Amino acid sequence: MSYDADLIIVGGGLSGLSAGITAVKEGLNVILLERGDYSGAKNVSGGRMYVHALRKLIPDIENAPLELPISKESFEVHCNNRKLYFSFEEKSDNSYSILRSKFDRWLAQQAENLGLIISYSTLVTNAYREENGIVLDTNRGSLKAPLVIDASGVTSVVFRFLGLRNFSPKKWMLGVKEIIKSKENEEGEAKTVIGAVKGVKGGGFVYTNKDTLSVGMAVIFDSLPKSEVPAKDLVEVFREREGIEGEVLEYSAHAIPYYGYDNLPPIYDKNVIAVGDSAGFLINDGFTIRGMDLAIGSGMIAGISAKRIIESKNYENTEIYYTLLKESFVLKHLQLALNRFKLIEEDRTLSIYPEVICEVLSSMFTVSEERKYLIDEALSRLKEKGISLGQLLIDLWRGVK
Ligand SMILES: Cc1cc2nc3c(=O)[nH]c(=O)nc-3n(C[C@H](O)[C@H](O)[C@H](O)COP(=O)(O)OP(=O)(O)OC[C@H]3O[C@@H](n4cnc5c(N)ncnc54)[C@H](O)[C@@H]3O)c2cc1C
């Protein structure tokens with residue numbers, strides 16, 4: 001049996017590159033196939049990366065093209081003509097704003113320096129099993145390996161070509177983003193906004209880069225028909241409502257996986273494993289969207305698992321990947337975020353609760369002859385909207401748990 005490599009990785013985003021770096025460090029002979037002309041050409045991200053996983057992958061991140069450390073967290077809730085805003089400041093190097101086109105290109109360079117072979121402009125068009133391995137058809141010919149890592153992002157092309165998954169946009173979010181030219185910024189701020197566009201389940205974000213802003217929205221697909229503005233105008237309307245002006249340097253739209261811990265798609269099968277978005281690893285817990293650190297973390301675990309699978313020569317036994325994932329932050333954090341993940345799907349979370357908070361605050365700052373205790377005001381507003389005290393307490397518990 002002849003193979004072209006020990007391991008073939010499909011997709012040169014963060015998860016594929018992390019898997020490739022780890023696997024070559026483990027001594028495997030690896031080829032990575034990327035459809036873009038370079039890594040980062042096809043990747044979209046709002047651009048706030050928690051760097052704990054990156055530090056394990058590349059211990060010295062001093063030279064990485066990170067933008068600004070995030071030292072200010074802001075939250076904004078729009079409800080009709082009212083707006084609630086609060087922020088929290090802390091000097092920290094736990095997360096940075098990044099621009100994916102620059103960052104992924106740099107990471108790919110690190111991978112190539114370590115010996116990873118990357119074939120750019122190579123589109124995988126089919127995958128099928130042959131004897132003890134997987135054949136990948138591409139626009140440049142076919143390749144075969146005993147083990148394949150699917151790092152192709154939300155469309156998970158290898159799993160789909162192998163018939164292990166269906167195309168399931170119902171489990172996706174739409175992410176739209178613009179990069180806006182701004183003044184020189186010294187401080188990194190991550191702002192989460194809810195309620196800026198009515199009808200949609202999801203929210204907006206604004207991240208501060210060195211001399212640009214990343215502005216965008218992430219919205220559950222199913223809720224788009226109820227949106228007050230069409231999907232194509234989402235980011236523009238959001239930017240206007242945030243009062244952000246400036247030259248639009250880039251616009252991009254991309255699907256985001258939205259499965260949740262209890263509903264993940266198949267992530268391993270004979271001779272194949274999935275990482276990052278392709279495995280549905282995304283956390284949306286209301287105050288942050290996290291996919292990048294999960295992509296790097298799962299990629300690293302896949303690289304380690306690949307070494308063990310190849311050494312054992314039992315290429316069908318890929319369960320080791322799942323075993324290692326369960327012990328890692330990836331599945332543990334996904335599990336921890338499940339309650340909030342589900343809460344966001346409820347209609348009341350992003351519409352009724354923000355409205356009630358704004359109405360109560362409004363009555364707190366309005367003096368008239370009619371005046372109630374705030375708690376009575378809150379309970380009567382909730383009752384008007386059909387929410388019982390019991391429901392509120394359950395939701396509060398789910399939100400903080
Ligand atoms: C608008 C938006 C905002 C976001 N904000 C954040 C954030 O602030 N913080 C955060 O942590 N996460 C965020 N995310 C999520 C994050 O971007 C993803 O979780 C992360 O990029 C996943 O990386 P990946 O390598 O798994 O997939 P991708 O980055 O999607 O990489 C997949 C790669 O596979 C290649 N590919 C696909 N099909 C083929 C094929 N057939 N043949 C060859 N190559 C192929 C693609 O070209 C691409 O390079 C955001 C996502 C979006 C869309």
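**Around the ligand, then outward**

Let's start at the ligand: the shell of residues around it is made up of 15 nonpolar, 19 polar and 8 charged residues. Keep in mind that this is a predicted model. Which residues come nearest, of the 42 around the ligand? They are Gly-13, Gly-153, Gly-175, Gly-276 and Gly-291. Several elements give two or more residues to this shell, among them the helices α1 (14-25) and α6 (292-312). Strands β3 (48-50), β12 (172-181), β15 (212-220), β16 (248-257) and β20 (289-290) do so as well.

From α1 you can step across to a sheet. Helix α1 lies across β1, β2 (30-33) and β11, and runs at about 170° to β2. Those three strands belong to an open sheet of 6 strands, and if you walk through it you meet them in the order β7-β2-β1-β11-β18-β17, with mixed pairing. At the edges sit β7 (117-119) and β17 (268-269), each of which pairs on one side only. Further in, β1 (residues 7-10) and β11 (residues 147-150) run parallel and are joined by 4 bridges. Look for Val-10 here: its bridge partner in β11 is Asp-150.

Now follow the chain out of β11. The loop between β11 and α4 (157-161) holds Ser-156, and this residue is a bit of an oddity. Most residues other than glycine have a negative phi. Ser-156 is not a glycine, yet its phi is positive, at about 35°. Is Ser-156 buried or exposed? It is buried, because 29 other C-beta atoms lie within 10 Å, and 20 or more is what it takes.

There's a second case of this kind elsewhere in the sheet's loops. Asn-271, found in the loop between β17 and β18 (272-274), has a positive phi of about 65° although it is not a glycine. Asn-271 also counts as buried, because it has 20 other C-beta atoms within 10 Å.

Finally, have a look at a pair of helices. Two packed helices are described by the angle between their axes and the distance between the axes. For α9 (residues 338-345) and α13 (residues 389-400), the axes come within 7 Å and cross at roughly 130°. That angle makes α9 oblique to α13. On the α9 side, Asn-339, Arg-340 and Leu-343 make the contact, and on the α13 side Asp-395, Arg-398 and Gly-399. Sorted by class, the residues of this contact come out as 1 nonpolar, 2 polar and 3 charged.

Key. Residues are numbered from 1 along each chain as its sequence is written. This is a predicted model: local features need pLDDT of at least 70, side-chain atom pairs count only at pLDDT 80 or more; totals for chains, interfaces and linings use all residues. Axes are lines fitted to C-alpha atoms, for helices over the stretch in contact, and angles run from 0 to 180 degrees between N-to-C directions. Angles under 35 degrees count as roughly parallel, over 145 as roughly antiparallel, 65 to 115 as roughly perpendicular and the rest as oblique. Two residues are in contact if their C-beta atoms, placed from the backbone, lie within 7 Å. Ala, Val, Leu, Ile, Met, Phe, Trp, Tyr, Cys and Pro count as nonpolar, Asp, Glu, Lys and Arg as charged, and the others, Gly among them, as polar. A residue is near a molecule or strand if its C-beta atom, placed from the backbone, lies within 6 Å of it. Two strands pair if DSSP finds at least two bridges between them. A residue is buried if 20 or more other C-beta atoms lie within 10 Å of its own, exposed if 12 or fewer, and partly exposed in between; C-beta atoms are placed from the backbone.
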